[in-house]
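Me: I'd like to practise reading a structure with you, one feature at a time. Could you walk me through this one?

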Amino acid sequence: MIGFFQLYVTHWEDWWPDLRDAAGNTLLLTLCAFAIALLVGLLLALAKLSRSGLISRSATVFIEIMRGVPTLVILFILYFGIVPIGITLDAFVASILGLGIHAGAYVAEIFRGGIQSIHRGQREAAVAVGMTPLQSLRYIILPQAVAVMLPPLINMLVLVLKDTSVCSLVAAPEIMLRAKDLASTYFQPLHLYVLAGVMYFGMAWPLSLLARVWARRRGRGRRV
């Protein structure tokens, strides 16, 4: 066991700079993809709640397709599949779009549930005092729905963070790709993949803890 950890001491100065930079790329990839997921999710949720049957059904079909297709398939389509039609995306850009669109389908259901958790009467009252539906959504519904949506949104952020590891398969410069490169150079795959896992855990666990704390506090607030 001592020998196992001794390798980290021996190679730390060689491994850490690359993995540190990769961790920064992973966080940037996560935040950009999640920002797209929030935008896509909100638009899909509003479309699904639309009074237009065509718009609502189209949004539902899109959400179900995205939720039923693996993230890797979407990444491969964006990175490899659209090249024959003349569109070439950088690996990092393709990863952001792929993760964002895929996560957006799940975020849409979170937004839909949060919006529908607010009593319909509040929307009707907002319209009655002269607000447009968009204004009532912005100033009345969404601020209240945030308390409901925040824990699952944080959990979704954690899932996006962990899904960035799949982006190594399209050569996005994140933690897993760097760990794989270093493993092929130093022939220490176990040590490097364990270290990569620890780094993912170090970034994801505080977010998971935050979601649980928020959910418990909200639960206590509702009981009071």
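Me: How many positive and negative side chains does the protein chain have, and how far apart do the centres of the two sets lie?

Reply: Happy to help! Keep in mind that this is a predicted model. To read charge, count each sign and then compare where the two sets are centred. Here the protein chain carries 19 positive and 11 negative side chains, with 20 Å between the centres of the two sets.

Me: And which secondary structure elements make up the chain?

Reply: Start with the order of elements along the sequence. This chain has eight helices and zero strands, giving the pattern α-α-α-α-α-α-α-α. Its C-alpha trace spans about 70 × 55 × 25 Å along the principal axes.

Me: What share of the contacts with a separation of 6 or more joins residues 24 or more positions apart?

Reply: Sequence separation tells you about the range of a contact. In this chain, that share is 75%. As for burial, 37% of the 224 residues count as buried.

Me: Which residues touch the most other members of the largest nonpolar core?

Reply: For a core, look for its best-connected members, then for the elements that supply it. Met149 and Met156 are those residues, in a core of 27. Helices H1 (2–48), H4 (91–116) and H6 (133–163) each supply at least two of its residues, and H6 gives the most, with nine. Leaving aside residues up to four places away in sequence, Met149 touches Ile110, Phe111, Gly114 and Leu142. Apart from this core lies another, of 18 residues, including Tyr8, Trp15, Leu182 and Tyr200.

Me: Finally, how much of the exposed area do carbon and sulfur atoms supply?

Reply: Split the surface by atom type: they supply 68% of the roughly stated total, about 12500 Å².

Technical notes:
Residues numbered from 1 in each chain as written. Predicted model: local features only at pLDDT ≥ 70, side-chain atom pairs only at ≥ 80, totals over all residues. Heavy atoms only, no water. Core = buried A, V, L, I, M, F, W, Y, C linked by side-chain atoms within 4.5 Å. Buried < 20%, exposed > 50% of the residue type's maximum accessible area, 1.4 Å probe, protein only. Helix = DSSP H or I, 4+ residues; strand = E, 2+ residues; numbered from the N terminus. Contact = heavy atoms within 4.5 Å. Areas by Shrake-Rupley, 256 points an atom, 1.4 Å probe, with all protein chains shown as cover. Lys, Arg positive; Asp, Glu negative; His and termini not counted. Charge placed at Lys NZ, Arg CZ, Asp CG, Glu CD.
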